[in-house]
Amino acid sequence: MKPAIVETPGLDSPGIEDISILEAGPALEDTIEPVTAEPPTVTQMERHIAVDVIDTSGLANRFLLEIGTEEIPDWMIPTALENLRLLFEKLALPHDSVRLDATPRRLVLRADGLPLRLPDRQERVQGPAKSAPAQAVAGFARKQGVLPDDLILEVTAKGEYYTYLKKVPGRSSKDILAEALPGLILNIYFPKTMYWTGKGGPRFIRPIRWIVALLGEEIIPFTLAGVRSGALTAGHRRLGGREIAITCSDYEQRLRDHYVILSAEDRRQKIVSRMAGTRIKRDDALLETLVYLTEWPQPIVGNFDPQFLELPEEVLITVMRHHQKYFSVQDASGKLAPQFVAIMNTESDPEGFIRRGNERVLRARFTDARFFWDSDQKKKLADRKQDLAHVTFQAKLGSYLEKTGRMMTLARELGGDNHAMRAAELSKCDLTTDLVKEFTELQGVVGGLYARHQGEPAAVWQSVYDHYKPESMEDTIPRHRTGQLVALADKLDTLRGCFGVGMNPSGSRDPFGLRRAAQGVVKILVEGRIELPLLDLLEGNQELIAFFEGRARFYFRDHRGFKYDEVAAAMAAGRSNLVDLEARLVRIQNLRPTPDFEPLAASFKRIRNILEQAGFAGGGAIDASLLEAGPEKDLYDEFQRTAGQPIESVISKLRPRVDLFFDKVLVNTPDAAVRQNRLTLLNTLLKEFSNIADFSEIVTNS
Amino acid sequence: MQSFQEIILKLKQYWAERGCVIQEPYDIEVGAGTMCPETFLRVLGPRPYRVAYVQPSRRPADGRYGDNPNRLYKHSQLQVILKPAPPDVIEQYLGSLEAIGIDLRQHDLKLEEDNWEAPTLGAWGMGWQVMLDGLEISQFTYFQQCGGIDLDVVPAELTYGLERLTAFLQVKDSVYDIEWAPGFSYGDVRYQDELQYSVYNFEMADVPTLWKLFDLHEGEATRLVKMYDPKSPGKQRFPLLPTYDQVLKCSNIFNTLDARGAISVTERVGVIQRVRKMAVAVAHAWADQQADRQPDAPAEAGQ
């Protein structure tokens, strides 16, 4: 616990807030040097501030802020809370613990151990130089409201200056908070905000309808968007009260009495534990959504007609998950069961209204899906290809029919067989089906299912099914090589096309998902162990090549955990064949902890520097007759013995020779022929191992 | 069991008691109640307003020949505009559900993020879809912009999907089975509309004729809006409402062409722009015209 620092009582001076430089609160410290920062030599220092440290924990100094709103979009809440915490920390009010909580209708910050009042501070206001005329000094003193005698002379780096040490009485936390909270609340970051009190009014994610702001038992008074802060909260919309008086200590319990579980963790636990008896398909993202969509969650199990199980599971699960936010249920064998779990935002369903309502909605949704499935079968996937002429891929890049043609060519170039060609041909045809128009997130999957239904071989339908994969870094790549090649053809075509017409992603703008596409290409090549020269497939577009290098770096570093310099070193030795790159990275990673590695890497860096400084152009063979007996000859012999062997088996023998060479031999000897020969030796050595990595990129401690 | 019409009457009664003008449907085809001048134009400017009306909303692409139990070419929206939105607007909305016999303590209600945007109107707002036992029964939107203009006063727009709501209350799986009035099902009243308009929109609408009509209405709207002069002393009598009717015509023809499959994705963007341009021009002219209008309006509604 951080003890709060509080001034000695008795120095209170009301009215000091009127001084303009104080109005912005502690944030002004960057313009006025606080007294704690490196005190310069003071010639006269009578005015020390008495500072006492006292324990300020206890009821009186608890802080509670509840921003009561209309329903906030669930996915924005965690970020908003984190942001609220940062904004509070920026106030620099001493405190112990901070706790943040939220439901859809409230963002809550609670902190303990706030001081009632901040300690007095001294502020140093620098005036004229010692050499300045007396009037200037008097003028400065007058401006500060003191006599020239009240000024001190301070020695600074620039000379001696008159300085006024102004004592600023510490403000009460309540005043600071009352002043800061309105701005703080409106500064919470949301991706999109609205106004509601009229044009030019405050903006927030949704209208603010009440505010609780308490310090101990006192209300921190302020008004925001026409709402006065107070000590009244609101309970659950339908089960709880509307104006509930609370205190800092009974707040959470009072909410619970009014059917609001404040803690997201508690809501999560409640959902999970109440679903424990049902074999649900685990879905953490959906769980998170529901945690922030409810104040009083309660699972309820519903059923659907088993005849809908004739529809593919993918379709059923998508309807349940994306459209209804239901968990799907599996039977003992892992197959989809005709059941679902909905999470209510209420206590119970004694009459069964809620269960039956949800069941009917789901039945209608499934009926729709079946309607689309049946009507889509009237036209085979293959017969839809020409319809793609009317579906625009991108205005400058033509229709999906044209894209299909390019994908087929590319799939062939990448080494795809006839199955890959067929899959590429069918891959986009599902864009014209009603089912995909209704459930766009099922593109690819629906095409695959239709292809299977229409008798296409497994290699083909699975490739269609998988060709959007991987959709994220966590997603798997297509299940087999044919699908991998089709997915590569799709993504590479998009990337080449978009970069070709200048639609490169910039900053956070990436409307075509090019980062994800490139990331997918990297992931497929590496994890599918496809040894294709990636950089040769980019039509020589330098921006695209650089873009891919960035993606490869990101993949190996952030996703695979290789170190920054290892990735740089390995990529410097080749970055087109990503399978080879990965193998070399693994070798470097394994070598790194061995005792000889870092010293050798340091030597390689030294060699490179020497070669660069000497302007060594390379070429030429080593002339053994010019080698000096001793360390130079020894290094050469060792090199001769080990040349061609992998670095792992030679490093321990080579390293002492290199060390000794640098210890004893002067490279820049006056004899030009000897010098040239030595440079050639070093260059040969560097070359020998630089097909694995440019070891000079390794960051070493030595 | 409450009939379709009883539910409508009760909702109208409820909102009338809360100071709304009860309007009748607008008599030109629209895709949503928002497009009616009672919403699109009335939300502009600082004057408070409250209105509720049932608007048949035509979406040619949603037609299913009367085969699909949940999808309609023409459905009925109850549109409520509260300008400005009162602080208890959500409570008032929930009260309207109670008024049609939904005991909210027995049901599950969630407000899920759904931000509304109408590119053809240059309009957007933030709000929710209201989910009752997993069924979306309403859209709730705080308008932010209309016709490309930041609104002076933020209205709340409540849109009830009346067929869905009724099917829910009457426990009917097909919209055609709901009781419109004693002795008349929804199917009795509307099946022919669904079938015949689906046939027309998907099969028989003549594409060249529709394009010609689109061009004619666009021409008329553009001709008129260009004549509006903000500096003219006679601008108060300028026929902006009839100009806007031409825009609505274009919008419906665009939707029909779209359902007919006559608009490619590339063209789509262009045609939406054309409609939007007209809507935005009318909105700007209207805002200017009404700003300078003498307060001859009916007594200011709202609170």
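**Exercise 1. A small sheet in chain A**

How many bridges join strand 18 of chain A to strand 19 of chain A, and in which sense do the two strands run? Then place both strands in their sheet.

*Solution.* The structure is a predicted model, and the steps below should be read with that in mind. Begin with the pair itself: strand 18 of chain A is joined to strand 19 (residues 336-344) of chain A by three bridges, and the two run antiparallel. Within this pairing, Leu336(A) in strand 19 is the residue that stands opposite Gln330(A). Next, widen the view to the whole sheet, which is open, has three strands in the order 17-19-18 and is paired in the antiparallel sense. Strand 17 (298-303) and strand 18 (327-330) of chain A each have a single partner strand and stand at the edges, so one side of each has no neighbour in the sheet. From one strand to the next, the twist averages 35°.

**Exercise 2. A hairpin in chain A**

Find what strand 7 and strand 8 of chain A form together, and how many residues lie between them.

*Solution.* First look at the pairing: strand 7 (residues 152-156) and strand 8 (residues 159-168) of chain A are antiparallel partners over five bridges. One pair of facing residues can be picked out, since Ile152(A) stands opposite Thr163(A) of strand 8. Finally, look at the connection, where two residues lie between the strands, and the two strands form a hairpin.

**Exercise 3. An enclosed helix**

Explain why helix 13 of chain A is described as largely enclosed by the rest of the structure.

*Solution.* A residue is counted as buried when 20 or more other C-beta atoms lie within 10 Å of its own. Applying this to helix 13 (residues 458-466) of chain A, seven of its nine residues are buried, and therefore the helix is largely enclosed by the rest of the structure. The buried residues are Val460(A), Trp461(A), Gln462(A), Ser463(A), Val464(A), Tyr465(A) and Asp466(A). Their cover includes three helices of chain A, namely helix 10 (418-426), helix 12 (445-453) and helix 14 (481-500). Following the chain onward, one reaches the loop between helix 13 and helix 14, where Pro470(A) is found; the peptide bond that leads from Lys469(A) to Pro470(A) is cis, with omega near -10°.

**Exercise 4. Where the two chains touch**

Which element of chain A gives the largest share of the side that touches chain B?

*Solution.* Start with the extent of the contact, in which 33 residues of chain A meet 33 residues of chain B. On the chain A side, the elements that give two or more residues are strand 9 (194-195), strand 19 and helix 8 (353-376). The largest share, eleven residues, comes from helix 8 of chain A. By class, this side of chain A has 15 nonpolar, nine polar and nine charged residues.

**Exercise 5. Domains and core**

Describe how domain 1 and domain 2 of chain B are placed with respect to one another, and then turn to the core residue Val282(B).

*Solution.* The domain assignment divides chain B into domain 1 (4-200) and domain 2 (206-291). Their C-alpha centres are 24 Å apart, and the contact takes 22 residues from domain 1 and 23 residues from domain 2. The side that domain 1 of chain B contributes has twelve nonpolar, seven polar and three charged residues.

Now consider the largest nonpolar core, which has 240 residues, and in which Ala411(A) and Val282(B) touch the most other members. Helix 8 (residues 265-291) of chain B gives the most to this core, with ten residues. Apart from neighbours within four places in sequence, the contacts of Val282(B) are Gly147(B), Val225(B), Leu240(B), Thr243(B), Tyr244(B) and Val247(B).

**Exercise 6. Unusual backbone in loops of chain B**

Is phi of Tyr65(B) positive or negative? Compare its setting with that of Val171(B).

*Solution.* Phi of Tyr65(B) is positive, near 60°, in a residue other than glycine. This residue is found in the loop between strand 2 (49-58) and strand 3 of chain B, and with 16 C-beta neighbours inside 10 Å it counts as partly exposed. For Val171(B), phi is near 55°, which is also a positive value in a residue other than glycine. Val171(B) has its place in the loop between helix 4 (162-170) and strand 10 (179-181) of chain B, and its 13 C-beta neighbours inside 10 Å make it partly exposed.

Definitions and conventions:
Residues are numbered from 1 along each chain as its sequence is written. Chains are lettered from A and ligands numbered from 1 in the order in which they are written. This is a predicted model: local features need pLDDT of at least 70, side-chain atom pairs count only at pLDDT 80 or more; totals for chains, interfaces and linings use all residues. A nonpolar core is a set of buried Ala, Val, Leu, Ile, Met, Phe, Trp, Tyr and Cys residues joined through C-beta atoms within 7 Å. A residue is buried if 20 or more other C-beta atoms lie within 10 Å of its own, exposed if 12 or fewer, and partly exposed in between; C-beta atoms are placed from the backbone. Helices (H or I, at least four residues) and strands (E, at least two) are DSSP runs, numbered from the N terminus. Two residues are in contact if their C-beta atoms, placed from the backbone, lie within 7 Å. Two strands pair if DSSP finds at least two bridges between them. Axes are lines fitted to C-alpha atoms, for helices over the stretch in contact, and angles run from 0 to 180 degrees between N-to-C directions. Ala, Val, Leu, Ile, Met, Phe, Trp, Tyr, Cys and Pro count as nonpolar, Asp, Glu, Lys and Arg as charged, and the others, Gly among them, as polar. Domain bounds come from an automatic or database domain assignment.
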